[in-house]
Amino acid sequence: MNSLSIGIDLGGTNIKAALVDTGTAQVLATLSKPTRDGEFEGDVPRFALTVQEIVAEFEAQAGETLHVGLSAPGLANPNGRCIDWMPGRMHGLEKFDWAAFLGRDCRVLNDAHAALLGEVWAGAAKDCQDVFMLTLGTGVGGAIYSGGRLLRGAIGRAGHLGHITLDVNAPCDVFGTPGSLESMLGNQTIAARGEGRYATTHALINAHAAGDAHASKIWLESVRQLAAGIASLINVLDPAVVIIGGGIATGAGERLFQPLAGFLDEYEWRPGGQRAQIVPALLGDSAGCLGIVFDLLQTS
């Protein structure tokens, strides 16, 4: 395999890409371009043409044909050539054969899976064999790395950790899961959880930081629910490290991690004093790009 590869993270708003040295996991150059979801040129989604342009730019820079990996939302086909299932957005992504379109090997992976692989290769869980990640944002995403392998599942569904049930009597989320972790913490439910007082989770956290008792009650209850979910997942997966990422985690910082540690002191089962490390994600926008290149290395 070439010493250089291209990692592309296809998001709903932007396409982030990196030229990566596969020997050192070093990002040598980056590009970011708008996704333009919903736009087509003929039958080809505009984002596919943008990916093609990015590949051409990096290959001109490298002076050679390179392997390409692409991460995207949705369930990736086990053959690694396309996303099988992504309803509601990213129009044209489902079943789009990236290897055929680009005319070269192209590995396709779910974006949360790729982000975790990036953190395992070069980030917060470097060289760790057992780790799971939660991303806190509009929803709650996740991924699992167990025994040195990414857990993909039978149809690519593994790792949807935001859709575990914490309250069976609560309303169902978008996946039909009652009282899910995502419902307890995701930004999409902040209006209901905050009784209409806070437009975003960041606004809630800022009010909590300013001493608003109402905001503090809601925020700390959300963190308590997160701790209960993490403790349950620790019992199932036995990780050495739990990575917390996403926009909510980045914005909250210690206002998340400090109370989370306190709740986990109550809820986590720690045989012989062993405990999982709870750490923030480190790679930011580079995680998916690095992770898909790491997946290329493992499958080449």
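Helices (H or I, at least four residues) and strands (E, at least two) are DSSP runs, numbered from the N terminus. The model examined here is predicted, so local features need pLDDT of at least 70 and side-chain atom pairs count only at pLDDT 80 or more, while totals for chains, interfaces and linings use all residues. Residues are numbered from 1 along each chain as its sequence is written, and side-chain values use heavy atoms, with hydrogens and water left out.

Strands of a sheet pair through backbone hydrogen bonds, either parallel or antiparallel. Two strands are taken to pair if DSSP finds at least two bridges between them. One open sheet has 5 strands in the order β3-β2-β1-β6-β9, with mixed pairing. Its edges are β3 (26-34) and β9 (106-110). Each has a single partner strand, so one side of each is left without a neighbour in the sheet. The twist averages 20° from one strand to the next; angles run from 0 to 180 degrees between N-to-C directions, and axes are lines fitted to C-alpha atoms, for helices over the stretch in contact.

Strand β1 (residues 4-10) pairs with two strands of this sheet. With β2 it runs antiparallel, joined by 7 bridges. β1 and β2 form a hairpin, with 3 residues between them. Leu4 has Asp21 of β2 as its bridge partner. With β6 (residues 67-72), β1 pairs in the parallel sense over 5 bridges. Here Gly7 stands opposite Gly69, and Ile8 stands opposite Leu70.

β1 is mostly covered, with 7 of its 7 residues buried. Buried means under 20% relative accessible area, exposed over 50%, and partly exposed in between (1.4 Å probe, protein chains only). Leu4, Ile6, Ile8 and Leu10 point one way from β1. Ser5, Gly7 and Asp9 point the other way. The residues of both groups are buried.

Two helices lie against this sheet. Helix α1 (residues 46-62) lies across β1, β2 (14-21), β3 and β6, and runs at about 150° to β3. Helix α10 (residues 287-299) packs on the sheet and touches β1, β2, β3, β6 and β9. The direction of α10 makes about 130° with that of β1. Contact means heavy atoms within 4.5 Å.

Ile54 is found in helix α1. This residue is buried, with a relative accessible area of 0%. Leaving aside neighbours within four places in sequence, Ile54 is in contact with Ile8, Ile15, Ala17, Leu31 and Lys33. Ile54 and Lys33 are 21 residues apart in sequence. In space they are 8.8 Å apart, C-alpha to C-alpha.

Another open sheet has 5 strands in the order β12-β11-β10-β13-β14, and its pairing is mixed. β12 (149-150) and β14 (277-280) stand at its edges. Each has a single partner strand, so one side of each is left without a neighbour in the sheet. β10 and β11 run antiparallel and are joined by 6 bridges. Leu136 stands opposite Val140 in β11. Helix α3 (residues 111-122) lies across β10, β11, β12 and β13 (241-245), at about 50° to β11. Helix α9 (residues 254-267) lies across β10, β13 and β14, at about 165° to β14.

Rolling a probe the size of a water molecule over the atoms shows where empty space is left. On a 1 Å grid over the protein atoms alone, a cavity is a set of points where a 1.4 Å probe fits but cannot get out; lining residues have an atom within 4 Å of a point. Grid points are joined across faces, edges and corners, and a volume is the space filled by probe spheres set on the points. The structure holds 1 cavity of 30 Å³ or more. The volume of the largest cavity is about 40 Å³. Its lining consists of Asp130, Val131, Phe132, Ile144, Tyr145, Ser146, Leu237 and Pro239. β10 (131-136) and β11 (140-146) each supply at least two residues of this lining. β11 gives the most, with 3 residues.

Two loop residues stand out by backbone angle. Met90 has a positive phi of about 55° although it is not a glycine. Met90 lies in the loop between β8 (83-85) and α2 (98-102), and is buried, with a relative accessible area of 1%. Asp127 is likewise not a glycine, and its phi is near 70°, a positive value. Asp127 lies in the loop between α3 and β10. At 59% relative accessibility, Asp127 counts as exposed.

Terms used: On a 1 Å grid over the protein atoms alone, a cavity is a set of points where a 1.4 Å probe fits but cannot get out, and a pocket is an open set with protein on both sides within 12 Å along at least five of seven lines; lining residues have an atom within 4 Å of a point.
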